[in-house]
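Subject: Structure for you to look at

Hello,

Here is the structure I said I would pass on. Please open it first; my notes follow below.

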Amino acid sequence: MPATKETRSDTARALRDALRAQATRTVVFHSAVAARLGITVTDLSALNMLSMAGPLTPGQLADRLGITRGGAVTTVVDRLEKAGYVRRSRDEEDRRRVRVELVAVRADVAVAPLFGAIGQSLPDDEETLAVLLAFVQKLNGALERGTERATADRG
């Protein structure tokens with residue numbers, strides 16, 4: 001039976017509500033994981049960025065996290081280095097440049113198990129995964145644009 005305009009709007013409303021709940025639960029989950037690890041939510045976001053992107057300069061990391069390039073990112077890196085999650089290394093191409101890299105073993109042992117249930121919730125069939133992937137990529141683009149708009153007027 002094809003969806004009517006009313007059914008579609010009810011479904012769209014329910015999806016928007018579910019996404020809002022998911023966003024809030026994600027924030028609460030990341031707060032709980034960070035507390036369990038003895039780090040801040042920003043520190044956890046930095047670990048996630050490094051896990052996805054590989055080694056970054058402190059400036060690149062700051063830009064991706066939306067924090068200042070000076071003291072704020074240095075404080076994050078210092079905390080994560082002290083906790084054994086990252087290390088600073090010299091860039092091979094430009095020895096003046098420092099890179100921050102994930103200590104994979106530490107992250108795999110301490111962090112990855114706390115995220116296991118999320119990966120287990122994904123469907124098994126490729127067609128559904130492809131639809132979900134396209135939706136999440138589109139949503140991430142919208143979130144990036146929204147973040148840019150929200151931060152554009154900060155002075």
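Asp124, Asp125, Glu126 and Glu127 together form a negative patch on the surface. The model is a predicted one, so please read the patch as a computed result. One of the four, Glu127, belongs to helix H7, which covers residues 126-152. Glu127 has a relative accessibility of 65% and therefore counts as exposed, since the cut-off for exposed is over 50%.

Helix H7 also holds Val136, which takes part in a surface patch of another kind. Val136 joins Leu15 and Phe135 in a nonpolar patch, and the accessible area of these three residues together is about 230 Å². Val136 counts as partly exposed because its relative accessibility is 38%, and partly exposed lies between the 20% and 50% limits.

Now the chain as a whole. It contains seven helices and two strands. Their order along the sequence is α-α-α-α-β-β-α-α-α, with the two strands placed after four helices and before three more.

As for overall dimensions, the C-alpha trace spans about 65 × 40 × 30 Å along its principal axes. The radius of gyration of the chain is 19 Å, whereas a compact globule of 155 residues would have one near 15 Å. Of the 155 residues in the chain, 19% are buried.

When you go through the model, helix H7 is one place to start, with Glu127 and Val136 both in it.

Regards

Methods. Residues are numbered from 1 along each chain as its sequence is written. This is a predicted model: local features need pLDDT of at least 70, side-chain atom pairs count only at pLDDT 80 or more; totals for chains, interfaces and linings use all residues. Side-chain values use heavy atoms; hydrogens and water are left out. Patches are made of residues with over 30% relative accessible area and no salt bridge: like charges are joined within 9 Å, nonpolar side chains (Val, Leu, Ile, Met, Phe, Trp, Tyr) within 5 Å. Accessible areas come from the Shrake-Rupley method with a 1.4 Å probe; for residues, only the protein chains shown count as cover. A salt bridge is a side-chain nitrogen of Lys or Arg within 4 Å of a carboxyl oxygen of Asp or Glu. Lys and Arg count as positive and Asp and Glu as negative; His and the chain ends are not counted. The place of a charge is taken as NZ of Lys, CZ of Arg, CG of Asp or CD of Glu. Buried means under 20% relative accessible area, exposed over 50%, partly exposed in between (1.4 Å probe, protein chains only). The radius of gyration is taken over C-alpha atoms; the globule rule is 2.2 Å times the number of residues to the power 0.38.
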